[in-house]
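Q: Could you take me through one part of this model up close? I'd like to see what surrounds the bound molecule and how the metal site is put together.

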Amino acid sequence: MARIVGGYFTSHVPGIGGAIVRGDQDTPYWKPFFDGFPPIRQWLAAEKPDVAVVFSNDHGLNFFLDKMPTFAVGAAPSYDNADEGWGLPVYKSFAGHPALSWHLIDSLVRDEFDITTCQTMLVDHAVSIPFELAWPDAPSWPIKLVPISINTVQYPLPSPKRCLALGRAVHRALQTWSGAERILICGTGGLSHQLDGPRAGFMNPEYDLFCLDNLAANPEALTNHTPEQVAQLAGTQGVEILNWIAARGAMGEGRCRQVSRNYHIPISNTAAATVLLQPA
Ligand code: DHB
Ligand code: FE
């Protein structure tokens with residue numbers, strides 16, 4: 001049976017990629033953020049997961065405002081990154097795991113989640129930056145990818161409660177997968193940030209710390225808000241916390257232990273956080 005070895009959660013600000021390209025990791029601005037990663041890299045080197053099930057949001061490479069699936073699951077043999085206009089390198093392609101993707105899709109639909117199935121999919125900075133942070137300088141990504149995209153971009157957004165339920169349905173699907181893979185669950189984006197409008201630059205450490213404090217032991221606490229309240233509390237792009245909530249759901253209803261945590265404000269316009277959880 002497949003085994004979930006842990007959950008890796010991180011912000012995915014494109015500027016992180018710029019800092020990596022320039023070699024700025026140890027500068028005063030970036031060091032407090034990059035200091036969150038040595039424990040993650042050590043843990044990954046020891047645990048050697050085979051597949052990453054990644055909950056993130058597309059920022060326009062696949063879905064634009066005219067067609068916006070609430071939940072979409074990738075079922076491609078491979079996933080390319082593409083130029084998004086941030087001035088970042090185009091990252092290495094990602095090997096998919098179509099058999100596992102189709103198992104998740106089949107199980108989710110039977111579980112009454114009406115997802116969009118994507119046999120072709122590009123992946124953007126929401127996947128490439130977390131991978132680059134986890135496996136810097138790897139000649140090829142040492143892990144296969146199953147991407148799950150959540151609409152955090154355009155109204156109406158799914159509720160935190162629904163995202164936790166989606167994650168738990170993914171957990172149930174993983175429990176009925178016959179392969180022996182070691183699975184890493186990832187949630188990317190957040191924490192609080194707002195990139196446009198009169199509140200551009202808004203961040204909310206109080207809400208961020210509420211989320212971080214409850215993620216491992218009491219994720220239900222994050223589901224008491226409507227999507228509109230999350231946008232109010234976290235900022236209109238901070239709603240990417242929905243990806244974290246779904247990823248926490250995919251770790252199952254059992255207890256989780258926080259292995260490492262880093263919170264630093266700001267990186268670009270974002271309150272940045274990195275967390276590693278392990279099933280208790
Ligand atoms: C920033 C943050 C994001 O999550 C994103 O997708 C793009 C930009 C930022 O803070 O610059
Ligand atoms: Fe984002």
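A: Keep in mind that this is a predicted model. Going round ligand 1, you meet His-12, Val-13, Pro-14, His-59, Trp-86, His-125, His-193, Leu-195, Glu-240, Ser-268, Asn-269 and Thr-270. Sort that shell by class and you get four nonpolar, seven polar and one charged residues. As for where this happens, ligand 1 sits in the largest pocket.

Now for the polar contacts. His-125 puts a polar side-chain atom 2.7 Å from an oxygen atom of ligand 1. With His-193, a polar side-chain atom is 2.9 Å from a ligand 1 oxygen, and for Glu-240 the corresponding distance to an oxygen of ligand 1 is 3.2 Å. On its own, ligand 1 would expose 300 Å², and the protein buries 95% of that.

Glu-240 turns up again at the metal. The iron ion, ligand 2, has His-12 (NE2), His-59 (NE2) and Glu-240 (OE) as its protein donors, at 2.0 to 2.3 Å. If you like to read such sites along the sequence, the donor spacing is H-x46-H-x180-E. The two histidines tie together distant parts of the chain: His-12 belongs to the loop between β1 (3-10) and α1 (14-22), while His-59 is in the loop between β2 (51-56) and β3 (71-74), 47 residues apart. These iron donors, His-12, His-59 and Glu-240, are also listed among the residues around ligand 1.

Technical notes: Residues numbered from 1 in each chain as written. Chains lettered and ligands numbered in written order. Predicted model: local features only at pLDDT ≥ 70, side-chain atom pairs only at ≥ 80, totals over all residues. Heavy atoms only, no water. Near = heavy atom within 4 Å. Polar contact = N/O pair within 3.5 Å; in protein donor to acceptor, adjacent residues only side chain to side chain. Areas by Shrake-Rupley, 256 points an atom, 1.4 Å probe, with all protein chains shown as cover. 1 Å grid on protein atoms, 1.4 Å probe; cavity = no way out; pocket = protein on both sides within 12 Å on 5 of 7 lines; lining within 4 Å. Sits in = over half its atoms within 2 Å of the grid points. Nonpolar A, V, L, I, M, F, W, Y, C, P; charged D, E, K, R; others polar. Donors = N, O, S within 2.8 Å, 3.2 Å for Na, K, Ca; no water. Helix = DSSP H or I, 4+ residues; strand = E, 2+ residues; numbered from the N terminus.
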